[in-house]
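Please open the structure in the viewer and keep the sequence panel visible. The stops below proceed from the whole chain to one group of strands.

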Amino acid sequence: QVQIVESGGGSVQTGGSLRLSCSASGFPVRNYWMSWYRQAPGKERELVASIGSDGAGRRENYAKSVKNRFSISRDNSENTVFLQMNNLKPEDTAVYYCTAGGQLWGQGTQVTVSS
């Protein structure tokens with residue numbers, strides 16, 4: 001079956017870095033708009049970063065709050081999407097989800113940033 005599995009979350013101090021992975025099976029990520037969302041305690045799920053399909057020119061979009069700190073990328077040979085997170089802040093604490101076209105979702109990976 002088609003599936004998305006996130007990994008790479010953890011606990012870091014303010015200013016630290018993490019690299020999240022979104023491993024896909026059953027479909028090629030190169031053909032889909034792939035996105036990372038996050039949901040913090042007591043808040044709604046928000047879009048963090050997106051990358052377009054190869055056919056769409058691999059356009060990247062970022063939330064204003066993470067611009068110049070996060071970067072999204074895709075490795076077609078591994079069928080995996082990544083989210084490199086640098087200079088992490090406590091407000092980045094959330095469960096991070098990967099989605100293909102907003103239709104197929106993973107179960108999320110926890111990111112906790114301490115002061």
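The tour begins with conventions and then turns to selections.

This is a predicted model, in which local features need pLDDT of at least 70 and side-chain atom pairs count only at pLDDT 80 or more, while totals for chains, interfaces and linings use all residues. Residues are numbered from 1 along each chain as its sequence is written, and side-chain values use heavy atoms, with hydrogens and water left out.

Select the whole protein and colour by secondary structure: zero helices and eleven strands appear. Helices (H or I, at least four residues) and strands (E, at least two) are DSSP runs numbered from the N terminus. The C-alpha trace spans about 40 × 30 × 25 Å along its principal axes. Of the 115 residues, 41% count as buried, meaning under 20% relative accessible area with a 1.4 Å probe, protein chains only.

Next, select residues 34-39 and 46-51. These are strand 4 and strand 5, which run antiparallel and are joined by five bridges; two strands pair if DSSP finds at least two bridges between them. Which residue of strand 5 stands opposite Ser-35? Ser-50 does.

Move to the turn of this hairpin, where six residues lie between the two strands. Gly-42, in the turn, has a positive phi of about 75 degrees.

Finally, add residues 60-62, which form strand 6. Strand 6 runs antiparallel to strand 5, and three bridges join them. Display Ala-49 here: its bridge partner in strand 6 is Tyr-62. When inspecting side chains, recall that in a regular strand they alternate between the two faces of the sheet.

Technical notes:
Buried means under 20% relative accessible area, exposed over 50%, partly exposed in between (1.4 Å probe, protein chains only).
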